[in-house]
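Biologist: I should like to learn how such a model is read, feature by feature. Please give the general idea before each case.

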Amino acid sequence: MIKAQTMKIPFTDLKPQFKEIKVAANRAFGELVKRGDYILGRDVREFECSFAGFIGTKYALGVNSGTDALFLGLLGLGIGPKDEVIVPTYTYIASAFAITYTGATPVFVDIDEKTFNIDISKIEKAITSKTKAIMPVHLYGQSADMRPILRIAKKHGLKVIEDAAQAHGAEYHGKKVGCIGDIGAFSFYPTKNLGAFGDGGMLVTNDEKLFEKLKKLRDYGRKTRYEHVSLGYNSRLDSVQALFLGQKLKKLDEWNKRRILAAKLYRKLLCGAENIILPEEASYGKHVYHIFAVRVKNRDAVLEGLKKAGVNAAVHYPIALHLQEVYRDLGYKTGDFPVAEKISHDVLCLPIYPHIKESDIKYVVKILKGLVKNG
Ligand SMILES: Cc1ncc(COP(=O)(O)O)c(C=O)c1O
């Protein structure tokens with residue numbers, strides 16, 4: 001008798017992506033090895049050019065991670081000690097760490113219960129005489145509401161740096177995120193919608209002066225090979241990563257479409273399900289579903305139940321940043337940001353990736369519905 005096989009559904013699966021780019025990427029890799037320009041070589045320049053074209057900015061600059069993109073972006077905007085930067089409390093720790101690295105202080109703001117993005121109505125209350133910038137985060141692949149953010153920034157003379165680490169290709173009123181504020185910062189962490197085979201990141205801007213400053217910041221403050229005019233870092237995107245990313249970028253629109261279709265199917269199958277709150281899509285933009293997050297009661301038990309059934313779900317994020325130990329000295333306490341705290345207790349991120357099968361989604365939904373009902 002054949003034993004019934006337990007389904008195994010990963011949270012994400014990158015192998016099919018490589019399969020699609022393998023031939024072209026291997027050819028380009030062979031050429032790179034022949035040229036040997038591994039640092040800021042042709043592949044980096046070409047990828048920066050295509051990425052700027054994709055986002056719709058004049059300039060793009062490859063750096064070695066999304067965290068560095070945010071950090072260098074903030075330095076480029078002149079942020080430093082004694083300054084404050086407003087950031088949502090519900091995001092990955094890197095958004096806040098980048099602010100802290102500059103010597104500035106992250107000032108946390110609660111999120112909107114529908115989109116999980118920064119709550120616009122709470123931003124102005126967080127502004128002080130020290131505030132220098134706002135960092136909206138386009139969480140899970142959905143744009144923050146940028147028009148009111150830009151309006152507030154203009155009124156108070158603040159810069160806007162978009163954390164677009166999770167939102168390659170997401171749109172806000174027809175514009176790609178990343179090109180709306182003063183600077184956009186992207187991550188190419190492998191699991192991102194556009195992911196490298198290691199670490200990588202990108203800064204985008206339309207401001208030429210800022211671009212020139214950022215170029216020095218990422219490469220030892222270099223004017224020429226051995227002339228250093230300002231303090232800079234070693235934060236360059238590797239040619240090898242740029243080469244693979246360039247191939248993957250050609251597929252990104254199609255892969256984002258597949259994510260959107262997967263989300264649609266989840267939505268259809270989960271519609272009206274008891275005790276499951278579905279994610280909301282804001283009418284102002286295009287969500288590219290880096291993450292498909294639902295909300296359930298008894299989240300940890302449901303997560304465990306899914307795991308037992310072979311479904312690898314995840315929690316992004318179980319602790320809001322104002323309650324992280326590392327930021328204890330800032331003096332926040334439980335209850336300060338009730339929406340973020342509530343969501344961190346009941347959020348559950350289901351497997352989603354461009355090549356996920358319909359049958360996998362159906363299986364996840366079946367198991368999830370059963371767990372939620374019995375929970
Ligand atoms: C919202 C957000 N910001 C920043 C980062 C940092 O990017 P990286 O891991 O490339 O440093 C990430 C990803 O990990 C992220 O999800």
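Modeller: The dialogue below goes from the whole chain to its parts.

Modeller: This is a predicted model, in which local features need pLDDT of at least 70 and side-chain atom pairs count only at pLDDT 80 or more, while totals for chains, interfaces and linings use all residues. Residues are numbered from 1 along each chain as its sequence is written.

Biologist: How many helices and strands does the protein chain have?

Modeller: Helices (H or I, at least four residues) and strands (E, at least two) are DSSP runs, numbered from the N terminus. Here the protein chain has 10 helices and 15 strands. Its radius of gyration is 21 Å, close to the 21 Å that the globule rule gives for 375 residues, so the chain is as compact as a globular protein of that length. That radius is taken over C-alpha atoms, and the globule rule is 2.2 Å times the number of residues to the power 0.38. The C-alpha trace spans about 70 × 55 × 35 Å along its principal axes.

Biologist: What share of the residues count as buried?

Modeller: A residue is buried if 20 or more other C-beta atoms lie within 10 Å of its own, exposed if 12 or fewer, and partly exposed in between, with C-beta atoms placed from the backbone. Of the 375 residues, 47% count as buried.

Biologist: Which domains divide the chain, and how many residues of each are in contact?

Modeller: Domain bounds come from an automatic or database domain assignment, and the chain is divided into domain 1 (15-246) and domain 2 (252-374). Their centres, taken over C-alpha atoms, are separated by 25 Å. Two residues are in contact if their C-beta atoms, placed from the backbone, lie within 7 Å. By that criterion, 31 residues of domain 1 are in contact with 28 residues of domain 2. On the side of domain 1 that touches domain 2, helix H1 (15-35), H4 and strand E6 (171-172) each supply at least two residues. The residues of that side divide into 13 nonpolar, 12 polar and 6 charged. In this scheme Ala, Val, Leu, Ile, Met, Phe, Trp, Tyr, Cys and Pro count as nonpolar, Asp, Glu, Lys and Arg as charged, and the others, Gly among them, as polar.

Biologist: Which residues surrounding the ligand are the closest?

Modeller: A residue is near a molecule or strand if its C-beta atom, placed from the backbone, lies within 6 Å of it. The ligand is surrounded by 15 residues, and the closest are Ser-65, Gly-66, Thr-67, Ala-165 and Ser-187. Helix H3 (66-76) and helix H4 (93-101) each supply at least two residues of this shell. By class, the shell has 5 nonpolar, 8 polar and 2 charged residues.

Biologist: Which residues of H4 are buried, and what do they pack against?

Modeller: An α-helix has 3.6 residues a turn, so residues three or four places apart point the same way. In H4, Ala-94, Ser-95, Ala-96, Ala-98 and Ile-99 are buried. The buried residues of H4 pack against H3, strand E2 (84-88), strand E3 (105-109) and strand E5 (159-163). Gly-103, with a positive phi near 100°, follows H4.

Biologist: In what order do the strands of the open sheet lie, and is the pairing parallel or antiparallel?

Modeller: Strands of a sheet pair through backbone hydrogen bonds, either parallel or antiparallel. Two strands pair if DSSP finds at least two bridges between them. The open sheet here has 3 strands in the order E12-E14-E15, with antiparallel pairing. Its edge strands, each pairing on one side only, are strand E12 (276-277) and strand E15 (347-350). Strand E14 (residues 292-296) is joined to E15 by 4 bridges; Phe-292 has Leu-350 in E15 as its bridge partner.

Biologist: Where is Ala-340 placed, and which residues does Ala-340 touch?

Modeller: Ala-340 is in helix H9 (residues 338-346). Ala-340 is buried because 26 other C-beta atoms lie within 10 Å. Not counting residues up to four places away in sequence, Ala-340 touches Thr-89, Tyr-90, Asp-110, Ile-111 and Ala-320.

Biologist: Which residue in a loop has a positive phi although it is not a glycine?

Modeller: One of them is Tyr-289, with a phi of about 45°, in the loop between strand E13 (285-286) and E14. Tyr-289 counts as buried because it has 28 C-beta neighbours inside 10 Å. Asn-275 has a positive phi of about 60° and is likewise not a glycine. Asn-275 is partly exposed, with 14 other C-beta atoms within 10 Å.
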